[in-house]
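Please open the structure in a viewer and keep the selection tool at hand. The tour below proceeds stop by stop, naming what to select and what is found there.

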Amino acid sequence: MAPHRRSRPPSPMGIRTPAIATAALTSVALLSQTANASPSEDPKPSLEEVEKKVDDLYRQAETAGEKYNAAKEKTTKQKKRVDTLLDDVARRTEKLNDAREELGTFAAAQYRTGAAAPDTASLLLADNPQDYFDQTQLMDRLTSRQKQSVDDYVTRQTATTEKRQEASESLETLTRTQSSLKTSKADVQRKLATARDLLSKLTTEEKARLAAIERQKREEAQRRADELARQQAADAERRRQEAATQGTGSSSGASGSGAASSSASTAKAGKALAFARAQVGKPYVWGASGPGSYDCSGLTQAAWKAAGVTLPRTTWDQVKTGTTVSVNSAQPGDLVFFYDDISHVGIYVGDGMMIHAPKPGAYVREESIYYMPVHSVVRPA
């Protein structure tokens, strides 16, 4: 009888098939790799995200730059006021000292004659001479001339004290504005530094792709400018035909002064535009208003100044100056403002184009107004 083969006892872990065993080993290996792996780094932003972030930073920097311009303009005005007040205080103090000396002369004379010298001396030392008069009978013992000198002294002292207080308050305001100026400047520099850092991390290929995206953006903006140019040309032709049909007999007298005013405004706009054209190629520098460099509102302010029109310094104030017109009605020389926060401005050339100081790292150039979202159009004169 053949010997019986003893069966192997089952594993205490239970029976496993080769497939299950392999899967288990694979899972263990993966878990081991995961446990030993270093923490994953933050995913690199896409090129589109970088472009949007850089554009946003430039916009934020330009907004901070306009705040800087506002604070700088305010600081300049306040400094002039403080200087004027301090000069005024100095003059008043000098005259007050003269009045005090005159009273001192009276005190010396009274001392020699034995009359009320202590009272007059107390007057000169009093913080508030008027309170002193309310408590003494000094005025009754003074001559008419002396009374006039005392009145003059009191008036001068009161006015000088008020001016000193006003100068002190103006100095405090100036200090706060200067602090705001420094804050805005630091904000601009910080945002520009962040933008430069983002761009510096791009590879050569990514920079080429970013340039291609920029070209597409410009081409689309130019296409929209061409559409506006065609629309404006059609509108002008329609108005010409309507004028020819209606004739000029009944309207010529009424339109004479209006035509003269329009002609003067057109001449000023032409001068402003000619100045802006002459600045093309100069660098954008935030806070600059010429002659070697400009920011956006510095350029428009300088251009219209060349035409004899004074504009405020910031975009937020320039947009309030003049007459608001539609984009389709824009004429050469008009100011075109951009973004909801009105943080950028250019000067309209015609045919949907403008001259503007774009952003850090760029130069004054001619470009489609649709390169950025239009907020409004204003005609300064």
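**The whole chain**

Begin with the surface display. The protein has an accessible surface of about 23300 Å², and carbon and sulfur atoms account for 53% of that area. The model is a predicted one. Of its 381 residues, 36% count as buried. Next, switch to a cartoon display, in which nine helices and six strands make up the secondary structure. If one takes the contacts between residues at least 6 apart in sequence, 68% of them join residues at least 24 apart.

**Helix α8**

Select residues 296–306, which form helix α8. Is this helix enclosed or open to the outside? Nine of its 11 residues are buried, so α8 is largely enclosed by the rest of the structure. To see them, select C296, S297, G298, L299, T300, Q301, A302, A303 and W304. Just after the helix, G308 may be selected as well; its phi is positive, at about 85°.

Within α8, centre the view on T300. This residue counts as buried because its relative accessibility is 1%, under the 20% limit. Which residues does T300 contact beyond its neighbours within four places in sequence? They are L311, Q318, L335, V345, G346 and I347.

**The nonpolar cores**

The last of those contacts, I347, leads to the next stop. Select W304, F337, I347 and I355, the residues with the most contacts inside the largest nonpolar core, which has 44 residues. Elements that supply two or more residues to this core are the helices α2, α5 (144–200), α6 (204–246), α7 and α8, together with the strands β2 (335–338), β3 (344–350) and β4 (353–356). The largest share, nine residues, is that of α2.

Now display the surroundings of I347. Setting aside residues up to four places away in sequence, I347 touches A272, L273, A276, T300, A303, W304, G333, D334, M354 and I355. One of these, M354, belongs to a second, separate core of 14 residues, which also includes Y348, I369 and M372.

**The largest pocket**

Turn next to the largest pocket, which holds about 320 Å³ of space. Select D55, R59, K217, Y339 and M372, the closest to the pocket centre among the 17 residues that line it. Which helix gives the largest share of this lining? Helix α2 (residues 47–113) does, with seven residues. Colouring the lining by residue type will show eight charged, seven nonpolar and two polar residues.

**The second largest pocket**

The final stop is the second largest pocket, with about 260 Å³ of space. Its lining consists of 14 residues, and those nearest the centre are S265, T266, Q331, R379 and A381. Two or more lining residues come from each of α7 (256–278) and β1 (323–325). Helix α7 gives the most, with five residues. By type, this lining comprises seven polar, five nonpolar and two charged residues.

To conclude, the view may be returned to α7, which contributes both to the lining of this pocket and to the largest nonpolar core.

Terms used:
Residues numbered from 1 in each chain as written. Predicted model: local features only at pLDDT ≥ 70, side-chain atom pairs only at ≥ 80, totals over all residues. Heavy atoms only, no water. 1 Å grid on protein atoms, 1.4 Å probe; cavity = no way out; pocket = protein on both sides within 12 Å on 5 of 7 lines; lining within 4 Å. Points joined across faces, edges and corners; volume = space filled by probe spheres on them. Helix = DSSP H or I, 4+ residues; strand = E, 2+ residues; numbered from the N terminus. Nonpolar A, V, L, I, M, F, W, Y, C, P; charged D, E, K, R; others polar. Buried < 20%, exposed > 50% of the residue type's maximum accessible area, 1.4 Å probe, protein only. Contact = heavy atoms within 4.5 Å. Areas by Shrake-Rupley, 256 points an atom, 1.4 Å probe, with all protein chains shown as cover. Core = buried A, V, L, I, M, F, W, Y, C linked by side-chain atoms within 4.5 Å.
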